[in-house]
Amino acid sequence: SPEFLGLGCVLCSSVEQKIYVVLNETVPCVRLLNATHQIGCQSSISGDTGVLHVLETESDLDWILSSGPHPPYMVIMETAFFNRSVMMRMKNSSRVAGVAVIISKTGLADNFSPHTTCPNQNTGVESYGSDLANCNGTVWNPLGNGLSYEDFSFPVFALKDENQTQVLRKCYEDHNQRVNGSAPQYPLCAMQLFSHMHAVTDTVTCMRRTDLQNRFSINPEVLCDPLSDFNVWTSTRPLNNSAKGHAADESVVIAATRLDGRSFFWEQAPAAEGTVSGIVTLLATIQALYPVTQEAPPPRNIFFSFFQGEAFDYIGSSKMVYDMEKNDFVIDMNNVHSMLEIGQVGLLSGRSLWMHSDPVSRQNKSVSEMMSRIQSAAAGLKLTVDHPSVSQPLPPSSFQRFLRARRIPGLVLADHNTSFTNRYYESMYDDAENLNVTYPPGLTPDEQLVYETDAAKSLAEVATLVARSLYLQAGGEENNLNNITADPKIVAQLLYGFLVQKNNSWFRSLLPPEVTKKGVNSILSPGPPQFYIGLGPRVHGPAHSVTRFVQYILANLTGTVTNLTESQCQNPSELSTENKDLFSYFWVSGPASVNGTREPFCVRASVRLSKAVSPAFELLEYGSRNYSTWTESRWKSIRARIFLVASRELEMLTLGVGVAVLLLSLLVTYFISSKAELLFSSARETPTTTY
């Protein structure tokens, strides 16, 4: 009966709870694939189990890899041991079942970058020649240890919750800790990690198998998905979104930055210096430029673009360039006058910014003029602006994808002359602290939101420089420059929202009411957003959380409040006074009043999303060498749990006793069954019937 089944499930559950302690706050390393490789981590299909051992000293490592009597081991390690040499020794050992890394700043090395030394080296501009290609001239990320690009056959998890870390430590100390160097006695504390990945080998294999399933299976199973999301763009003069191809009488200066980052662990990418410094600078630039471009518009249009997926071989920028060349975008390459890209500009080591170009472009007079404009725009600011030597190529940048298509003048602005100054590039430690975003003690969240840190003041200076430079580059008058100044308060709010707490009063006021009402169950979950592109729409709904934040912040900074109702805001094409081809319409929550209520309203802004998915998947060229081919494997479940495990001898004894009891019960059952007539017969009296 249903009642009996329900009772059975409850009993199952309670028994399981008595055996296992489930660890919820864990983050896996997952498998990613490209045209030629698979990288990341996975467990066996039934999960991997090992005896817990905490790695604290070199002798612990020797115990795990050679002398410990209870392999395979599940290694718990502090941040200090999470490096390439230790992980590669474990990778080459059959005595390691998995790794769990305790995420903390304790013992953190003064540098850690699991990325490669030459990011995106195979998909940038190709015209350098062998002497400058593949970082032969400049190694951009010399601290990169390549750990994120290794393939581990065992699971690797990050432990984020301090309480669960203490549970693990207690279990280890009570049962597994060596006493005077001797092996611990059973029962031992063990851990089981589940992270089996469906995709194998490379993107070509995975997509071929997925396509076959889609064709011939009634219930097809997708094995992997292309990394994808959306770019966000806007312009100082609205562009007709329904007209594709060459825009007549439009000359456009592109200002761009990237929207994403990554680290070793899935969806753990704070990307403060690597990405957020650029996003915040460009948003503050737009805020500084907007009033002046409306009152004294320059001859050229300024087109602002935030590219998604740039950490994975320039997904967003290559898609936009591809669409421009196919006449499937609002402008084409002939409309592009020049380009200025914002790289890492956190000013981690001084007050100097560097204008990077490539040796071929440097011969173009327009590039020299662009440099001169930026240097003149820096007058009166607490910044020095210079350019590296002529022979140095471009750092990893979206601009490279534009140069592959057309020799347009352009520069990349960054805080490094040669190698990155970011010591935690593409790691989980490139966070608020790395960008020096810290607050005095005792401030409430709303006070922190508007507190102007030194980092906020520095980035406001950079944004002012960029805004003035773009205005000059677009042909604006020099006497208007003093009216262009970025607001440090806006920068402070952006830094707080992107690096400390996305669920803040300002972000809540910018978003639609349905998102705000859901609170922590929506994209407004506690903590900072993560900048890994992921699978965008499939996982996050309409778009990735970062993409939506940038979209709605842009609407706030450049939009006009209208008196449209909610239904009119959602269907503006029904109104003759509104133009959906030139503008997007956003129904936003608005600021909270004193009693906590909100008055939603409609904002009209020329802010758009465009697809950020590699052209390789549109062309079905899964082995492409020209475009990104990164996919993420699917999986059934990601979980971790600990329990006590008995010795092998006791397990075998228990099994033996169980088998013996089974055989004995079969024997007894057979004996009783064969003698049933004798054992259960009873004299039956002939029933008498009374009539």
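Helices, which are DSSP runs of H or I with at least four residues, and strands, which are runs of E with at least two, are numbered from the N terminus, and on this basis E267 is placed in the loop between β13 and α6. The model described here is a predicted one.

The chain contains 21 helices and 24 strands, and its C-alpha atoms fill a box of roughly 120 × 80 × 60 Å along the principal axes. Of its 691 residues, 55% count as buried. Among the contacts with a separation of 6 or more, 79% are made by residues 24 or more positions apart.

The interior holds 4 cavities of 30 Å³ or more. The largest cavity, with a volume of about 250 Å³, is lined by 25 residues, and the closest of these to its centre are R258, G274, P396, S397 and Y425. Several elements contribute to this lining, since β13 (252-258), α6 (272-295), β15 (336-342) and β18 (410-414) each supply at least two of its residues; the largest share, 3 residues, comes from α6. By class, the lining of the largest cavity divides into 10 nonpolar, 11 polar and 4 charged residues. The second largest cavity has a volume of about 120 Å³, and of the 15 residues that line it, L32, R262, S263, F264 and F265 lie nearest its centre. In the lining of this second cavity, 9 residues are nonpolar, 4 are polar and 2 are charged.

Open pockets were considered separately from these cavities. A volume of about 1,000 Å³ was computed for the largest pocket, which has 36 lining residues, with K160, E267, Q268, P528 and Q530 the closest to its centre. Strand β2 (residues 26-28) provides the largest share of this lining, namely 3 residues. The lining of the largest pocket comprises 17 nonpolar, 11 polar and 8 charged residues. The second largest pocket encloses about 550 Å³ of space and is lined by 22 residues, those nearest its centre being N34, T36, N122, D313 and W630. Its lining is made up of 7 nonpolar, 13 polar and 2 charged residues.

Helix α5 was examined in further detail. This helix covers residues 203-216, and because each of its 14 residues is taken at 1.5 Å, a span of 20 Å is expected, in agreement with the 20 Å that separates its end C-alpha atoms. At the start of α5, a side-chain oxygen of D202 comes to within 3.2 Å of the backbone nitrogen of V204. Within the helix, T203, T205, C206, M207 and T210 are buried, and the elements that cover the buried residues of α5 include β3 (32-33), β11 (224-226), α19 (615-618) and β23 (631-633).

The backbone also has several local features that call for comment. Most residues other than glycine have a negative phi, and most peptide bonds are trans. Against this background, the peptide bond from P71 to P72 is cis, with omega near -5°, and P72 is located in the loop between α2 (58-67) and β6 (73-77). A further cis peptide bond joins Y186 to P187, where omega is about 0°; P187 belongs to the loop between α4 (162-175) and β10 (188-194).

Positive phi values were found at residues other than glycine as well. E267, which is among the residues closest to the centre of the largest pocket, has a positive phi of about 60° although it is not a glycine. For N327, which is likewise not a glycine, phi is positive and near 55°, and this residue lies in the loop between α7 (315-325) and β15. The relative accessibility of N327 is 44%, and N327 therefore counts as partly exposed, given that this class lies between the limits of 20% for buried and 50% for exposed residues.

Terms used. Residues numbered from 1 in each chain as written. Predicted model: local features only at pLDDT ≥ 70, side-chain atom pairs only at ≥ 80, totals over all residues. Heavy atoms only, no water. 1 Å grid on protein atoms, 1.4 Å probe; cavity = no way out; pocket = protein on both sides within 12 Å on 5 of 7 lines; lining within 4 Å. Points joined across faces, edges and corners; volume = space filled by probe spheres on them. Nonpolar A, V, L, I, M, F, W, Y, C, P; charged D, E, K, R; others polar. Expected span 1.5 Å × (residues − 1). Buried < 20%, exposed > 50% of the residue type's maximum accessible area, 1.4 Å probe, protein only. Contact = heavy atoms within 4.5 Å. Polar contact = N/O pair within 3.5 Å; in protein donor to acceptor, adjacent residues only side chain to side chain.
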